[in-house]
Every structure is written in C-alpha cells, then in structure tokens.
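Let's walk through this one together, following the charged side chains and the places they connect. Have the viewer open and select residues as we go.

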Amino acid sequence: METKLTINPNSGYCETNSTFYSKRTPISLPVNETINITTFISSQSHHGTTALVDAATGHHLSFSDFWTSVEAISTSLSVDLGIRKGHVILILSPNSIYFPIISLSIMSLGAIITTCNPLNTKSEIAKQIADSKPVLAFTTHELVPNLADTNLPIVLIGRTKLSAPRSKIVSTLDTMIKTRPNQTRVYERVTQNDTASLLYSSGTTGTSKGVVSSHGNFIAVIQTITGLLKLAEGELGLGNQTFICTVPMFHIYGVAWFVATLLACGTTAVILPKFDMHEMLKAVEKYKVTHLPLVPPIVVALINSADEIKMKYDLSSLTAVLSGGAPLSKEVVEGFVEKFPMMKILQGYGLTESAGIGSSTYSLEESRRYGSAGLLASSMEARIVDPETGECLPVNRSGELWLRGPSIMKGYFSNAEATADTLDSEGWLRTGDLCYIDGDGFIFVVDRLKELIKYKGYQVAPAELEALLLAHPEISDAAVIPFPDRDVGQLPMAYVVRKAGSHISQSGVMDFITRQVAPYKKIRKVAFVASVPKTPSGKILRKDLIRLATSKL
C-alpha cells in the first residue's frame, strides 16, 4: 500500500520523504514514445508568421520556409552524406538564423548535435572532437582553419571563398537547402529516450564533460518554458512576442530557448551574430522586440547606462527582461525597476545537466524575493542534502541541491565515473550548489560547494562576500576566491573592478567587509582588475582567477 504524501502547500515540502515538490502546474508530456523534438515542435499549433530575423542583414525567414529548409537539409544529410541515427555532428558557428535549422535537421534523423564555442582555441576544439567523435562538422569559412587538423568533413555555412580548403568541404548549406525532399530516404525510429544533444558543461569546477540530453528532455524544456511564458504573458500573447537572441546559441540557454521553445510557441526570434550592446539596442528599436534574455552582467550594464540608453534608443516595445546564470541581488532588481519601470524582470536557474531548467520567477513580485532563484520548475522535485552526512534537510536549512525531473540529463558521455558521482540510481542530480528553500518554496543559491573557502576549518561562501562588495557605491563588479595559506588553509581574496572615477584602496575594500561579517569571513587580500572573467552564462571563472593569484607563488 502506497504511503499518502502530505505536502505543505506553502513550501512544497513533504516530511514523509524529505522532498520538495514544485508549486507550479505540472507539465504534460506526449504519451507517444516514438516522437522526436523536431516533429514535436513542428506539430505545435500557433499563429506566428515570422520565425527568424537576422539582425545584421534584416533577412526574414517565415515558419513555412523554416520547416521547408529543415526537411531539405535532413534529406541531404541522409541521402547525400549517409548520416544515420546515433551519428554525432559538430556545429561550430556564431549565432545565426541557420543554427536552429541545422540543429533540428540533425536531430530529426536521430543524429546528435554537439555544439562548440566559436571562440575556443584549436586545442580546445580538438579535445571536444576527440571526446565526442563527430562524423561531420557544420562551420563558417572564417572558422574552417580551426578544424584544419581534424580531417572532419565540413558543410560550409554561408558562401564558399576561393581560399577555403575545398578537399574538406563536402557540401554547403545553400546547396542543402535547395535539395528536394526524397521519399526514398531512410526514416529511422527515434524515441523520446534517444539522445538529441551532447553539450559540454562549462567546466567551472572540473574538466568539461559532455552532457547527454534526450529528445524527451528537450520536450520537457519546451513545455516548461511555454507554461511559464503563458503564466507571465497570458495564453493569447505568445504569437505576438519578439525575442532577441543575445545569448550564445551553442550554450544550453541558447539551445533551450532559440533552438527549441520559441519555434514551438510561434514567436519571432531576432538573431544577433555576436553580442554588442549598441547593436542589441538598435535591433530592439528596429524590430520592436518585446523580450530580452540576458545574463546578470548585461543587466547591470543596462542599469549603469540607463539614462544614456533611453536618450538614444526607443525601447518602448520591451515588456520583459529574462535573466539567467546567477540570482540578481536586491540592488540590481530595484535598480532595474527604477530605471526601466515599463519592463518586468524575470529570473531563472538551471544547469546544462538539467537542460537549463531548475527554478524561475514569472513576475516582479516573485523576483523581489531578493537573492532567490525562484520557485521549482513545473514537474521538478528537489532535495536539500547535507554534504557531510547525506541527511535530507527541511525548510530553511542549507545543503546541496538535488534535482529530479523530466529534463534531467541521461548522464555524461563515455564517463561512467562522473555520471555515478553526479546522478544517483533514482535519477537525482547532485547540482553541486549549496542552497536552501524557504517556507514559501523559493530557492536560494548560497554558493558552489566546491568553491567554498576553508579558513581555519570555517566555511566561507564567496557569493556572500561578492554580494556585499557589489553593494559598495564605488565597486562595479567583484569576485572572491580561495587563496592558499600555510597557516589557515585558505584566505578569502577579492578581485575588484572599480567604478569610473573611483580610487577606493585595498584597505578601503577590506574595511568595508570587516564591518559587516564575522572575523573568519574577512577579506584579507585585494587585487584590482579591469573586468571579472565569466562564462557566457555569467558564472565567474574562479579557476582563472585562482591561477592568476597563485602564479607568483
């Protein structure tokens, strides 16, 4: 006989099994197992007309043209190049209106996309290729040299130039798009459990690993984000929205929103080839963009330049900013609302391992739970686990956040040991984030477990000190790292970016923190830098700063 679960309606916590349950309406998933992400997206009913716009050229692509191109490219891949289910294909490209077309063409065959940062070095790209073993690459003329030593056959995105090494180029995207659908091509059975993507985690706390996500994982992402947008905008508003792609498409943030969800909703996506603040604002004005997905540093930059921006650009079409990567502080949320009162500010938390889904806010009221990453996503479950004892903890107790739900990865590619360390036999994902969930079900990310500073046995959370530093009127950005010390183990060290015109000193920074924290949390070293290194999703690259700090030891 099953035990009846009694779930607290405020927190979502169940004492019976020490599990937190989402307060959002559960998502519905297709019962048909034989469905892939491409057919799922194309089957969604919507009233959208324009699918994609190239912000640089103004080139528009209708939904009809989009799906015709997907069918043509998948036919060419299957018939002309022999691509089959299970083959891995690399996409090495900056943001482009062709990125989602290529991705969905590949996945429709049961083949697997692996994406790579176009700014990566040759050796970084070579490492990913050696691990993921792709059989084909899509790339641009400018990036062909980065694949020169790989011997990978290449499909060229954009025009071929005479200087391109023709021997490696087996086709061009232009040629593929002109391919007529071939009814005799091989159609393989693709299920929700089959692998759709192999995205590489940021590697901020260890070696970068290939995250295996299934078609079912991405269908869950689509249903989750669509439900959130309907909650925020109303059922009828989705087809009239225009999003601008400011985030990298190779990242889970870009894949979840711009390769998957927005195409299913019928919204228009304006694509920036590369991020530039003024190009973004010009595109917002020109294309009447309504939604602006950003990472926290750009939100801060908008606040700092708000008066100048509002004088130069018409942003009246904007209704919402969507921030992901890290929770926004009280100062940032209130600063944004003050400067841009016509916009909602929404937040989200997720990992590559959870296909970008974890928790979110959908209203300004929810975003005003300062420092919170929002409520658990629909159909997601959570546990807060003591990292020392393994005990599951209740409301308002800090421990490692574990997540379980339909978007959680299948595991790490060809890495059983890392998979076992991160994903348990019951499907719980150990996020590596130190969190607590309050009495109303809001998640607060305290810090990364592996980034905790151990000072004389005390644990110091860098995020706590960074939040205090960012509240200083002369500091625009900051990062705190562990600095090795023979006597105490590790010292908290701060890297600080001064605001323009500021002359704050090392002692000024340290005294400011000393007045606000327990003695063991005091910052004991300070270095001033022009900028804090971060990943595309806004996470601080502490490894880089630790390497810099310890290079002179």
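How many bridges join S27 to strand S28, and do they run parallel or antiparallel? There are 10 bridges between S27 and S28 (residues 489-498), and the two strands run antiparallel. Keep in mind that this is a predicted model. To get from S27 to S28, the chain goes through a hairpin of 3 residues. S27 itself spans residues 475-485, and because 8 of its 11 residues are buried, the strand is largely enclosed by the rest of the structure.

Now pick out Asp477. Across the pairing, Asp477 stands opposite Val497 in S28. Asp477 also forms a salt bridge with Lys534, with the closest N and O atoms 2.9 Å apart. Asp477 lies in strand S27 and Lys534 in the loop between strand S29 (525-528) and H16, so this pair ties together parts that are 57 residues apart in sequence. The two ends sit in different burial classes: Asp477 has a relative accessible area of 17%, under the 20% cut-off, so it counts as buried, whereas Lys534, with 25%, is partly exposed.

Next, move to Glu466, in helix H14 (residues 462-470). With a relative accessibility of just 7%, Glu466 counts as buried. What is Glu466 in contact with, once its neighbours within four places in sequence are left aside? The list is Ala478, Ala479, Val480, Ile540 and Arg542. Arg542 is also its salt-bridge partner, since the side chains of Arg542 and Glu466 meet at 2.4 Å, N to O. Arg542 lies in helix H16 (residues 542-550) and Glu466 in helix H14, so the pair ties together parts that are 76 residues apart in sequence. Both Arg542 and Glu466 are buried.

Elsewhere, the side chains of Asp307 and Lys339 meet in a salt bridge too, at 3.7 Å from N to O. Asp307 belongs to helix H10 (residues 306-312) and Lys339 to helix H11 (residues 330-339), so here the parts tied together are 32 residues apart in sequence. Lys339 has 24% relative accessibility and therefore counts as partly exposed. There's a network as well, in which salt bridges link Arg369, Asp438 and Asp440. The total count of salt bridges comes to 12.

One last stop is a stretch flagged by a record. In an unreviewed UniProt entry, the annotation "transmembrane region" covers residues 250-272. In the model, that span is 61% helix and 17% strand, and its end C-alpha atoms lie 13 Å apart.

How values were computed. Residues are numbered from 1 along each chain as its sequence is written. This is a predicted model: local features need pLDDT of at least 70, side-chain atom pairs count only at pLDDT 80 or more; totals for chains, interfaces and linings use all residues. Side-chain values use heavy atoms; hydrogens and water are left out. Helices (H or I, at least four residues) and strands (E, at least two) are DSSP runs, numbered from the N terminus. Buried means under 20% relative accessible area, exposed over 50%, partly exposed in between (1.4 Å probe, protein chains only). Contact means heavy atoms within 4.5 Å. Two strands pair if DSSP finds at least two bridges between them. UniProt positions are given in the numbering used here, feature names are shortened, and annotations may be inferred rather than shown by experiment. A salt bridge is a side-chain nitrogen of Lys or Arg within 4 Å of a carboxyl oxygen of Asp or Glu.
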